[in-house]
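User: I have a complex open on my screen and would like to talk it through with you. Could you take my questions as they come?

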Amino acid sequence: MFECRRTRRRLIDYLDDSPPDARRVERHIESCPACRDELESLRLSRKALLSVRRSAAPERIWARVDSRLRAMEAESSPVWRLLSGRPTYAFAAGLVLFLVGACSLLIGPAGQAPPVVLMLISPLSPVGISVQGCM
Amino acid sequence: MPANDDLVERCRSGDRRAFEELFIKHRDMVFNVAWSTSGDREQAEDITQETFVKAYLGFSGFRGGSKFSTWLYRIAVNQALRTKSTGMRRARAEQPLDDRVLPFDGPEPEEALRLSETERSVRRAICELPPAQRAAITLRYLEGLDLAEVAQIVGSPIGTVKSRIHHALKRMSVALGDLKDV
């Protein structure tokens, strides 16, 4: 029984590498049908595994890897981080954009104030009068 | 083709072309380990993708103390085992085994034709093993690595690896009982 346990612990080495004590394993196997069966079953599976050929990886995997890396690089760019990394930065950036847009609308394309602005800033305009009146 | 060390150095400095060369050299190896360890061909594509993304992002962590391929195998095996343990494959649990293991109706029909009946039986038998045993026999017999390297990749003592291989071969022999003429 002890010899069976000892032999079985060495069967993988025996199958793969022919260890130094191979002769002892062989002697036991010759006299022990149970260990002989065990060795045969391991040998059968090992042989079957060695008959499996490697498969080629599908070509499309590189496109997926490349696209993932590009997306990650884009996300780690300073502009993206500013806009998406922290909510306060995103809010501040949005506010600046809004103010710039609003100013350009008020000033107008040729540096002339549009009628709405003239009405707001002229003391003779109805709006100006009403504002003064309110004060 | 340049040696792995040169390519790894170039990758560290952000050379995407060098990374593509490394990918081409190792993609089959990673894909086959991912396929056998996960037991699912479609999932193996996801694992292969994740393995290379992690490798690209983790080049600073590769010190060169081991071979590049060992480091990459380790990422692939961990990714495959993690994918299984997080239950990502539960959705496919009811899919027939052959649909997961074999590319019968997948995008590579020529692959299905190429597989012999023996290979199909072997892949089915591998799929029925526990993941740690699957990883051990895949690295040892399908990839042809020695026991020391397998132990390094899976992060277990050599004795544990031998034991897993022994149990895996024994379990497989029951499933492969009718293939004595392999």
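User: Which hand does the crossing of α1(A) and α4(A) have, right or left?

Analyst: The crossing of α1(A) and α4(A) is right-handed, where right-handed means that the near helix is turned clockwise from the far one by less than a right angle, and left-handed that it is turned anticlockwise. Helices here are DSSP runs of H or I with at least four residues, strands are runs of E with at least two, and both are numbered from the N terminus. Please bear in mind that this is a predicted model, in which local features need pLDDT of at least 70 and side-chain atom pairs count only at pLDDT 80 or more, while totals for chains, interfaces and linings use all residues. Residues are numbered from 1 along each chain as its sequence is written, and chains are lettered from A and ligands numbered from 1 in the order in which they are written.

User: At what angle do those two pack, and how far apart are the axes?

Analyst: Helix α1 (residues 2-9) and helix α4 (residues 33-50) of chain A pack at about 15°, with their axes 10 Å apart; the axes are lines fitted to C-alpha atoms over the stretch in contact, and angles run from 0 to 180 degrees between N-to-C directions. That makes α1(A) roughly parallel to α4(A), because angles under 35 degrees count as roughly parallel, over 145 as roughly antiparallel, 65 to 115 as roughly perpendicular and the rest as oblique.

User: Which residues meet there?

Analyst: From α1(A), C4(A), T7(A) and R8(A) meet A34(A), C35(A) and E38(A) of α4(A), a contact being two C-beta atoms, placed from the backbone, within 7 Å. By class, this contact has three nonpolar, one polar and two charged residues; Ala, Val, Leu, Ile, Met, Phe, Trp, Tyr, Cys and Pro count as nonpolar, Asp, Glu, Lys and Arg as charged, and the others, Gly among them, as polar.

User: Now the interface: how many residues does each chain put into it?

Analyst: Chain B contributes 33 residues and chain A contributes 24 residues. On the side of chain B, the elements that give two or more residues are α2 (16-38), α3 (41-57), α7 (117-127), α8 and α10 (158-175), and the residues of that side divide into 17 nonpolar, six polar and 10 charged.

User: What does W62(A) touch?

Analyst: Leaving aside neighbours within four places in sequence, W62(A), which is found in helix α5 (residues 60-75) of chain A, is in contact with E20(B) and F23(B). W62(A) is partly exposed, with 18 other C-beta atoms within 10 Å; a residue is buried with 20 or more, exposed with 12 or fewer, and partly exposed in between.

User: And is α8(B) mostly covered or open?

Analyst: Helix α8 (residues 131-142) of chain B is mostly covered, since 10 of its 12 residues are buried, including I137(B), L139(B) and Y141(B). After α8(B) comes G144(B), whose phi is positive, near 70°.

User: Where should I be wary in chain B?

Analyst: Over residues 103-107 of chain B, pLDDT, the predictor's confidence in each residue from 0 to 100, stays under 50, although the model has nine contacts beyond four places in sequence for them. Where pLDDT is low, the predicted coordinates should not be read in detail. Chain B averages a pLDDT of 83, with 79% of the residues scoring at least 70, and the predictor gives the complex an ipTM of 0.79 and a pTM of 0.72.
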